[in-house]
Amino acid sequence: MSSPGPHRALPVPDGLEGQRVDQGLARLFGLSRAVAAELADAERVWVDGRVRGKGDRLTGGSWLEVELPPPPGEPPAPEPVPGLTVVHDDDDVVVVDKPVGVAAHPSPGWDGPTVVGGLAAAGYRISTSGAAERQGVVHRLDAATTGLMVVAKSERAYSVLKAAFKERTVDKGYHALVQGHPDPSRGTIDAPIDRHPRHDWRFAVVTGGRPSVTHYEVIEAFAAASLVDIHLETGRTHQIRVHFSALRHPCVGDTTYGADPTLAARLGVSRQWLHAVRLGFAHPADGHWVEFTSAYPADLAGALAILRAES
């Protein structure tokens with residue numbers, strides 16, 4: 001979906017009091033239950049200004065906002081994505097190393113390259129499960145975040161991997177360069193995340209938000225920054241960026257979440273220094289654990305080289 005569908009805003013009718021979000025959307029807008037659930041999973045449903053999940057309950061009179069699917073049209077032709085590297089490929093999954101500036105899948109407001117489009121252009125057949133614009137996608141990376149992603153090719157792999165991410169049995173390992181020196185140097189950030197109360201394009205630590213847990217350990221310290229190894233227990237949108245911003249140690253280059261632009265400019269970094277360096281999961285075909293690693297791209301490696309030379 002290269003452009004957003006119609007935006008609808010209205011009070012929740014009293015007759016939907018207590019119903020699940022997906023049930024209510026299906027009744028209000030004539031959607032299938034599956035499509036309504038996909039909208040909620042894609043964080044396109046807000047009640048009283050906050051993102052709501054498909055299983056949340058509606059309250060009569062609350063203010064409902066929904067980004068509906070766009071009207072059917074001719075899908076854009078898939079285009080090759082320079083720099084998108086296939087790390088592993090078999091009958092069930094394809095693991096890719098995603099370059100900067102590439103989204104996981106089409107979404108409202110994004111008309112740039114995507115992993116889904118790049119794989120299609122390269123001749124990869126992926127699972128048809130999931131919403132039409134993100135079939136086969138079981139987890140996402142921000143467009144400016146580089147590194148490893150797995151995409152399901154078979155329907156069984158999609159179901160198994162979606163369950164594994166939900167049950168938190170997937171190892172998602174990241175390295176981030178953050179400003180300053182987190183104290184303690186090893187710890188856990190357990191803070192709920194939701195849409196920012198005043199800026200809905202951002203996320204924030206918000207009381208009553210969705211549970212979000214990040215484990216971290218400083219692996220190298222420099223004068224003005226620290227290289228941190230991160231393990232995600234949950235996978236909220238912008239989770240690492242939001243959590244470290246809340247600690248007042250934003251990712252270097254992440255001006256959206258309060259990073260000092262002068263440090264990023266000195267290091268030659270034009271986006272957040274965040275890389276999905278490790279991905280491990282039980283393979284859907286046989287349950288055997290598989291793990292993949294990714295080297296830093298040139299811009300991030302260059303920033304580290306500058307810091308090490310100054311130390």
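Select α2 (33–41): its buried residues are Ala36, Ala37, Leu39 and Ala40. Seen down the axis of α2, these buried residues fall within an arc of 155°, so they line one face of the helix. The arc is that of the directions from the helix axis to the C-beta atoms. Buried means under 20% relative accessible area, exposed over 50%, and partly exposed in between (1.4 Å probe, protein chains only). Helices (H or I, at least four residues) and strands (E, at least two) are DSSP runs, numbered from the N terminus.

This is a predicted model, in which local features need pLDDT of at least 70 and side-chain atom pairs count only at pLDDT 80 or more, while totals for chains, interfaces and linings use all residues. Residues are numbered from 1 along each chain as its sequence is written, and side-chain values use heavy atoms, with hydrogens and water left out.

Next, show what surrounds the helix. The buried residues of α2 pack against α1 (21–29), β2 and β4; contact here means heavy atoms within 4.5 Å.

Move on to Glu43, which follows α2 and has a positive phi. Glu43 sits in the loop that leads from α2 to β2 (45–47). Its phi is about 60° although Glu43 is not a glycine. Most residues other than glycine have a negative phi. With a relative accessible area of 9%, Glu43 is buried.

Now select β4, residues 63–67. Leu64 and Val66 point to one face and are buried, whereas Trp63, Glu65 and Glu67 point to the other and are not. In a regular strand the side chains alternate between the two faces of the sheet.

Add the partners of β4. Two strands pair if DSSP finds at least two bridges between them. Strand β1 (residues 7–11) runs antiparallel to β4, joined by 5 bridges; His7 has Glu67 as its bridge partner in β4. β2 is also antiparallel to β4, with 3 bridges, and Val47 has Leu64 as its bridge partner there.

Go next to the loop between β8 (171–179) and β9 (186–190), where Pro184 is found. The peptide bond from Asp183 to Pro184 is cis, with omega near 10°. Most peptide bonds are trans.

In the loop between β8 and β9, also select Pro182. Pro182 is buried, at a relative accessible area of 7%. Not counting residues up to four places away in sequence, Pro182 touches Tyr216, Val218, Ser226, Phe244 and His249. For a distance across the model, pick the C-alpha atoms of Pro182 and Lys98: they are separated by 28 Å, and the two residues are 84 apart along the chain.

From Pro182, step to His249, in the loop between α5 (239–246) and α6 (261–267). His249 is buried, with a relative accessible area of 14%. Leaving aside neighbours within four places in sequence, His249 is in contact with Val178, Gln179, Gly180, His181, Pro182 and Phe244. Which backbone oxygen lies 2.8 Å from a polar atom of the side chain of His249? It is that of Gln179. A polar contact is a pair of N or O atoms within 3.5 Å; within protein, one must be able to donate a hydrogen and the other to accept it, and residues adjacent in sequence count only if both atoms are side-chain atoms.

End at His238, in the loop between β13 (225–232) and α5. His238 is not a glycine, yet its phi is positive, about 60°. His238 counts as buried, at 17% relative accessibility.
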